[in-house]
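Work through these exercises with the sequence and the 3D view open. Each one sets a task and then solves it step by step.

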Amino acid sequence: MGLPTFTRLPVAVLAVGLALAAAPATAGDISLPVPTVTIYPGDTIKDSMLRMQAYPETFKARTAVIDAPLAIAGRVARRMLLPGEPVPVNAVDDPRLVSRGTPTQIVFEEQGLLITAVGAPLQNGGLGDVIRVRNTDTNRIVLGTVMADGRIRTGDR
């Protein structure tokens, strides 16, 4: 009894798969931003460090990845990013404006009253983050919002 004819099917499927892999990007492909150079932890990511790379529509990343270059540019790498590899969502962070333990100015503003003091942040923070900060004069811990200039705003507003 001879071999069934379907035993040749895997070879044909392999040949078609190789042909598709060599084919140029199609409309069904997705484009993801990838680094062009190795980006180290703490580096600020610039547009010039990124390029778009096509992946098949069926591409499954190991983790959730960023799909827009604007979501990466200007952010800081939390871990090493390798050239040609999609960037995981948890691999980048907003730049720090306030660092834990580094003295910064606390601004209390409410109904026209403005009070400033020096404080020691108890955690790192980026623009708009609500963080805990210790007033160095009174040793009281207050919550404040990190502003664009690196000061911490407390009170109503």
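**Exercise 1.** Decide whether Asn135 is buried, partly exposed or exposed, and describe its surroundings.

Solution. This is a predicted model.
- Step 1: Find the element. Asn135 sits in strand S7, which spans residues 130-135.
- Step 2: Take the accessibility. Asn135 has a relative accessibility of 16%.
- Step 3: Apply the cut-off. Buried means under 20%, so Asn135 counts as buried at 16%.
- Step 4: Follow the side chain. It reaches the backbone nitrogen of Asp137 at 2.8 Å.
- Step 5: List the contacts, leaving aside neighbours within four places in sequence. Asn135 then touches Ile106, Ala117, Val118, Gly119 and Arg140.

**Exercise 2.** Place Gln53 in the chain, classify its exposure and find its side-chain partner.

Solution.
- Step 1: Gln53 belongs to strand S2, residues 50-55.
- Step 2: The relative accessible area of Gln53 is 19%, so this residue is buried. The cut-off is under 20%.
- Step 3: The side chain of Gln53 makes a polar contact of 3.1 Å with the side chain of Tyr55.
- Step 4: Set aside neighbours within four places in sequence. Gln53 is in contact with Ile30, Ser31, Leu32, Val34 and Gly84.

**Exercise 3.** Count the aromatic pairs and classify the geometry.

Solution. A pair of aromatic rings is described by centre distance and plane angle.
- Step 1: The count is 1 aromatic pair.
- Step 2: Tyr55 and Phe59 form this pair, with 4.4 Å from centre to centre and 35 degrees between the planes.
- Step 3: Planes under 30 degrees apart count as stacked and over 60 as edge-to-face. The Tyr55 and Phe59 pair, at 35 degrees, is therefore tilted.
- Step 4: Check the burial of each partner. Tyr55 is buried, at 9% relative accessible area. Phe59 counts as partly exposed, at 26%.

**Exercise 4.** Describe the two largest pockets by volume and lining.

Solution. Rolling a probe the size of a water molecule over the atoms shows where empty space is left.
- Step 1: The largest pocket has a volume of about 250 Å³. The second largest pocket holds about 220 Å³.
- Step 2: Lining the largest pocket are 13 residues. Arg62, Arg79, Glu85, Pro86 and Pro88 lie nearest its centre.
- Step 3: Sort that lining by class. The largest pocket has 8 nonpolar, 1 polar and 4 charged residues.
- Step 4: Turn to the other lining. The residues of the second largest pocket include Gly42, Arg78, Asp93, Asp94, Arg96, Asn124 and Asp129.
- Step 5: The lining of the second largest pocket divides into 3 nonpolar, 4 polar and 5 charged residues.

**Exercise 5.** Locate Ala71, classify its exposure and give its C-alpha separation from Val92.

Solution.
- Step 1: Ala71 lies in the loop between S2 and strand S3 (76-77).
- Step 2: With a relative accessible area of 32%, Ala71 is partly exposed.
- Step 3: Ala71 and Val92 are 21 residues apart along the chain, and their C-alpha atoms are separated by 9.4 Å.

**Exercise 6.** Summarise the whole chain: elements, burial and contact range.

Solution.
- Step 1: The chain has 1 helix and 9 strands.
- Step 2: From the N terminus on, their order is α-β-β-β-β-β-β-β-β-β.
- Step 3: Of its 157 residues, 25% count as buried.
- Step 4: Take the contacts with a separation of 6 or more. Residues 24 or more positions apart account for 46% of them.

Definitions and conventions:
Residues numbered from 1 in each chain as written. Predicted model: local features only at pLDDT ≥ 70, side-chain atom pairs only at ≥ 80, totals over all residues. Heavy atoms only, no water. 1 Å grid on protein atoms, 1.4 Å probe; cavity = no way out; pocket = protein on both sides within 12 Å on 5 of 7 lines; lining within 4 Å. Points joined across faces, edges and corners; volume = space filled by probe spheres on them. Nonpolar A, V, L, I, M, F, W, Y, C, P; charged D, E, K, R; others polar. Helix = DSSP H or I, 4+ residues; strand = E, 2+ residues; numbered from the N terminus. Buried < 20%, exposed > 50% of the residue type's maximum accessible area, 1.4 Å probe, protein only. Polar contact = N/O pair within 3.5 Å; in protein donor to acceptor, adjacent residues only side chain to side chain. Contact = heavy atoms within 4.5 Å. Phe/Tyr/Trp six-rings, centres within 6.5 Å; stacked < 30°, edge-to-face > 60°.
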